[in-house]
There are 2 protein chains.
Amino acid sequence: MQSTFEVVAEPTRRRILDLLLTGERAVGDLVAELAMSQPAVSRHLRVLRDAGLVAPRTDAQRRLYRLDARPLAAVDEWLEPYRRLWAGRLDSLAQHLDEMTDDLERKDAR
Amino acid sequence: MQSTFEVVAEPTRRRILDLLLTGERAVGDLVAELAMSQPAVSRHLRVLRDAGLVAPRTDAQRRLYRLDARPLAAVDEWLEPYRRLWAGRLDSLAQHLDEMTDDLERKDAR
DNA sequence: AAGTTATATATGCTGGCAGTTATATTAGCG
DNA sequence: CGCTAATATAACTGCCAGCATATATAACTT
């Protein structure tokens, strides 16, 4: 099994996720929008499914895939310490403190 | 040339970036911390350099590499529309509005 | 039940990536 | 100037990812 990073590194797979942002789609629809064979798309969907990033729903012969963004939180978390490095330096400390406050609130909410 | 996504998908390269978070390091230091041959590490550094994620500074025979996180902003931006999907739904709209306000402020600052 | 539609899996090919060892390069040192 | 140290590049190898074609599976249609 691949990490979320590797799964999302593939351009076509990112494209698929972007398409699913607007709502669920059948495999055929995706094939039409990506210039690629149906098996290739099904394979990418398999990888995305194994990573927990998409989930299929049966509708007659079609499989409608919907997005599940939760695994992407891992990427976001890895990015966290870098974020304040590319942001303006002066307000980075304030931003950091804001984020920590957010974290605490989130923990309280659970 | 690889995209920032692909560059960062490689676990060893992420590890290198993580190590550089605490400050610049010589190649030899990195080799010591990663269980890997020196040429392998130099190769990863080449990829990271080409991606603009690290930059070397000469110190006698050694090359000290420092982090440059700016290219990671592209990853962060791609992540943006997904972020509110894994966040709690109820406050996601407010969060979205906050982010848009931040964007405006950032534009003003430029 | 046979035919059709929609998707998944099998198979084979190919290119590129990450690792190794060997060698080149560059800088300091006696 | 020869020698050592530190890093980069070259050459080779094994492997895996992504693609296409061919085939299997599943569901609907008549």
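Colleague: Which polar atoms lie by the backbone oxygen of B:Leu19, and at what distance?

Modeller: A polar contact is a pair of N or O atoms within 3.5 Å. In this predicted model, a polar atom of the B:Arg25 side chain lies 3.4 Å from the backbone oxygen of B:Leu19. The side chain of B:Arg25 also has a polar contact of 3.0 Å with the side chain of B:Thr22.

Colleague: Where in chain B is B:Arg25 placed, and is B:Arg25 buried or exposed?

Modeller: B:Arg25 belongs to strand S1 of chain B, which covers residues 25–26. A residue is called buried when its relative accessible area is under 20%. B:Arg25 has 19%, so B:Arg25 counts as buried.

Colleague: Which residues does B:Arg25 touch, leaving out those up to four places away in sequence?

Modeller: Contact here means heavy atoms within 4.5 Å. B:Arg25 touches B:Leu19, B:Leu20, B:Leu30 and B:Glu33, and also B:Arg63, B:Leu64 and B:Tyr65. A distance along the chain can be set beside one in space too: B:Arg25 and B:Pro56 are 31 residues apart in sequence, with their C-alpha atoms 9.3 Å apart.

Colleague: How do I read a pair of helices, for example at what angle H2 and H4 of chain B pack?

Modeller: Read the angle together with the distance between the axes. Helix H2 of chain B (residues 11–20) packs against helix H4 of chain B (residues 38–50) at about 75 degrees, and their axes are 10 Å apart. Angles of 65 to 115 degrees count as roughly perpendicular, so H2(B) and H4(B) are roughly perpendicular to each other. On the H2(B) side the contact is made by B:Thr12, B:Arg13, B:Ile16 and B:Leu17, and on the H4(B) side by B:His44, B:Leu45, B:Val47 and B:Leu48. Sorted by type, the residues of this contact are five nonpolar, two polar and one charged.

Colleague: At what angle do H2 and H4 of chain A cross?

Modeller: Helix H2 of chain A (residues 11–20) and helix H4 of chain A (residues 38–50) cross at roughly 75 degrees, and their axes come within 10 Å. H2(A) and H4(A) are therefore roughly perpendicular to each other. From H2(A), A:Thr12, A:Arg13, A:Ile16 and A:Leu17 meet A:His44, A:Leu45, A:Val47 and A:Leu48 of H4(A). That contact divides into five nonpolar residues, two polar and one charged.

Colleague: What does A:Arg15 in H2 of chain A contact, apart from its neighbours within four places in sequence?

Modeller: A:Arg15 is in contact with A:Glu33 and A:Leu34. Its relative accessibility is 43%, so A:Arg15 counts as partly exposed. The C-alpha atoms of A:Arg15 and A:Leu30 are separated by 9.6 Å, and these residues are 15 apart along the chain.

Colleague: How many helices and strands does chain A have, and in what order do they run?

Modeller: Chain A has six helices and three strands. From the N terminus on, the order is α-α-β-α-α-β-β-α-α. Of its 110 residues, 37% are buried. Among contacts in chain A with a separation of 6 or more, 45% come from residues 24 or more positions apart.

Colleague: What is the sign of phi at A:Ala60, and where does A:Ala60 lie?

Modeller: Phi of A:Ala60 is positive, about 55 degrees, although this residue is not a glycine. A:Ala60 lies in the loop between strand S2 (54–59) and strand S3 (62–67) of chain A, and is exposed, with a relative accessible area of 64%. In chain B, phi of B:Ala60 is positive and near 55 degrees. B:Ala60 sits in the loop between strands S2 (54–59) and S3 (62–67) of chain B and counts as exposed at 65% relative accessibility.

Colleague: By what turn and shift can chain A be laid on chain B?

Modeller: Two copies of a chain are related by a rotation about an axis and a shift along it. Here, a turn of 180 degrees and a shift of 0.0 Å along the axis lay chain A on chain B with an RMSD of 0.0 Å. The two copies are thus related as by a two-fold rotation axis. The C-alpha of chain A nearest the axis is that of A:Ala9, at 3.1 Å from it.

Colleague: Why can one say that the copies meet through the same surface?

Modeller: Because 100% of the interface residues of chain A are also interface residues in chain B. One residue with contacts in both chains is B:Arg83, which touches A:Asp76, A:Arg83 and B:Asp76, not counting residues up to four places away in sequence. B:Arg83 is placed in helix H5 of chain B (residues 72–86), and counts as buried at 15% relative accessibility.

How values were computed: Residues numbered from 1 in each chain as written. Chains lettered and ligands numbered in written order. Predicted model: local features only at pLDDT ≥ 70, side-chain atom pairs only at ≥ 80, totals over all residues. Heavy atoms only, no water. Helix = DSSP H or I, 4+ residues; strand = E, 2+ residues; numbered from the N terminus. Buried < 20%, exposed > 50% of the residue type's maximum accessible area, 1.4 Å probe, protein only. Polar contact = N/O pair within 3.5 Å; in protein donor to acceptor, adjacent residues only side chain to side chain. Least-squares fit on C-alpha atoms with pLDDT ≥ 70 in both. Axes fitted to C-alpha atoms, helices over the stretch in contact; angles between N-to-C directions. Parallel < 35°, antiparallel > 145°, perpendicular 65-115°, else oblique. Nonpolar A, V, L, I, M, F, W, Y, C, P; charged D, E, K, R; others polar.
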